[in-house]
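Me: I am new to this structure and would like a close look at a single part of it. Could you take me through the space around the ligand, and through any enclosed space as well?

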Amino acid sequence: MNESTRTTLIDAAAEHGTPLYLYDLNRVADNYRRLFQLIQWPSLGIFYAMKANYNFHLLQALNREGAGIDAVSPAEIQMALKAGFPVESIIYTANNMTESEMREVHETGVLMNIDTLSTLEKYGRLFPGSNVCVRFNPDVKDGENEKIMTGGNLTKFGILLDDADKVGEIASRYGLKVRGLHEHTGSGLQMSESVFKSMENIMAVATPERFPDLEFLDFGGGFKVTVRPDEEPFDYESMGVRITEMFSRFCKGYGRDLALYFEPGKYLVSDAGYFVMEVNTVKNNRDRVICGTDSGFPQLIRPTLYNAYHHVENLTNPEGETMVCDICGNICETGDLFAEQREVSRIREGDLLLVRNAGAYCYSMGGIYNMRPMPAEVVLQDESVLPSRKRMSAGGLVEQILLETERV
Ligand code: LLP
């Protein structure tokens, strides 16, 4: 890590306290622009999967870049609108939607992406003649771990490709205009072949006879990010070239050029996020060194939930000789670990630790288990660190809960 980033993080922790999330907004913008360079298509649309991180300033930064939004709940739509995204730049991909949710979203004017035949029927009955997008299951299995692979008939997502004709029938029965077809194979795709295979499967059902009103095909998110220092980066250059070639061939067959959409979360924000926590205890348990911090898994759950690797660095003793230890939190569970048997430069009580790749699915998956308020969030914009979201005090948290509690 370069000296200036290290100083920025240490200073931010001193000013805003730990645990602390910091998002580098320039990095988010760079990631967005890079993706545009990689996939050369005149009507390329990048719809940020805001479930990865709904921080308001980060959303505003992506809006300034011209991104769209992939939203999955009515609150995400409202938040995206508040951050300035135009209605037309939002696509709604909920799963197991209720009828009232459908009405609520339809009223906003946001395009709905529907992933079940019976939901499509309901939608057609309620809103005949509307625009709609349809999510197919690409029948390709890939992703960082089993819990986040979305393709294949064992998952709940999307309509099976075999049912493409049924989709066409329902659409024509209710006069629905199918403007887009969608798929999402999984998060953290391990192989670029999966991207191509999923694209092919969707393109094969996207015939002009079945779907004459198409404006776009949306191939979801899932672009893998590098998380380990010794990991080979993914070859995005050749992937981008191949995607363009495939899509261009498809458009010729379809009869006109469609827009090409993707919905990355991790790719845009993962490496722009830093999480800083302080070490309170260092315990020598026979042959095991256990370092305890002032955070816990409710504040960054990916290692506990998915066994996900997050690189940890000692910010305040970067040159120390290395040691192997467990890095855990302050929650009353043994599984409360950020890293197990990890090599890191010597940790002493009072040191600040950095957890990398904390921009995606970290704060957004957070909770207040053990009644510990979520950390504060700050953003780095050019050279300045600006406060973004406050840490609630313990008293504030209790007040909030009591406010929501019916009291007799
Ligand atoms: N589009 C759809 C329909 C999705 O379901 C997702 C992620 C994305 C796009 C964005 O995927 P990404 O580019 O971020 O991989 N909590 C997990 C990831 C869950 C992803 C859920 N859907 C994690 O921390 O790894």
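Reply: On a 1 Å grid over the protein atoms alone, a cavity is a set of points where a 1.4 Å probe fits but cannot get out, and its lining residues have an atom within 4 Å of a point. Grid points are joined across faces, edges and corners, and a volume is the space filled by probe spheres set on the points. This is a predicted model, in which local features need pLDDT of at least 70 and side-chain atom pairs count only at pLDDT 80 or more, while totals for chains, interfaces and linings use all residues. Residues are numbered from 1 along each chain as its sequence is written, and side-chain values use heavy atoms, with hydrogens and water left out.

The ligand is surrounded by 19 residues, the closest being Ser187, Glu263, Lys266, Arg302 and Tyr361, where a surrounding residue has a heavy atom within 4 Å. Lys266 also places a polar side-chain atom 2.7 Å from an oxygen atom of the ligand, whereas polar side-chain atoms of Tyr306 and Asp70 lie 2.8 Å and 3.3 Å, respectively, from a nitrogen atom of the ligand. Of the 580 Å² of accessible area that the ligand has on its own, the protein covers 92% (Shrake-Rupley method, 1.4 Å probe).

As for enclosed space, the structure holds 1 cavity of 30 Å³ or more, and the largest cavity has a volume of about 50 Å³. Its lining includes Glu183, Thr185, Phe219 and Phe262, and the lining residues divide into 5 nonpolar, 3 polar and 1 charged, with Gly counted as polar.

Conventions: A polar contact is a pair of N or O atoms within 3.5 Å; within protein, one must be able to donate a hydrogen and the other to accept it, and residues adjacent in sequence count only if both atoms are side-chain atoms. On a 1 Å grid over the protein atoms alone, a cavity is a set of points where a 1.4 Å probe fits but cannot get out, and a pocket is an open set with protein on both sides within 12 Å along at least five of seven lines; lining residues have an atom within 4 Å of a point.
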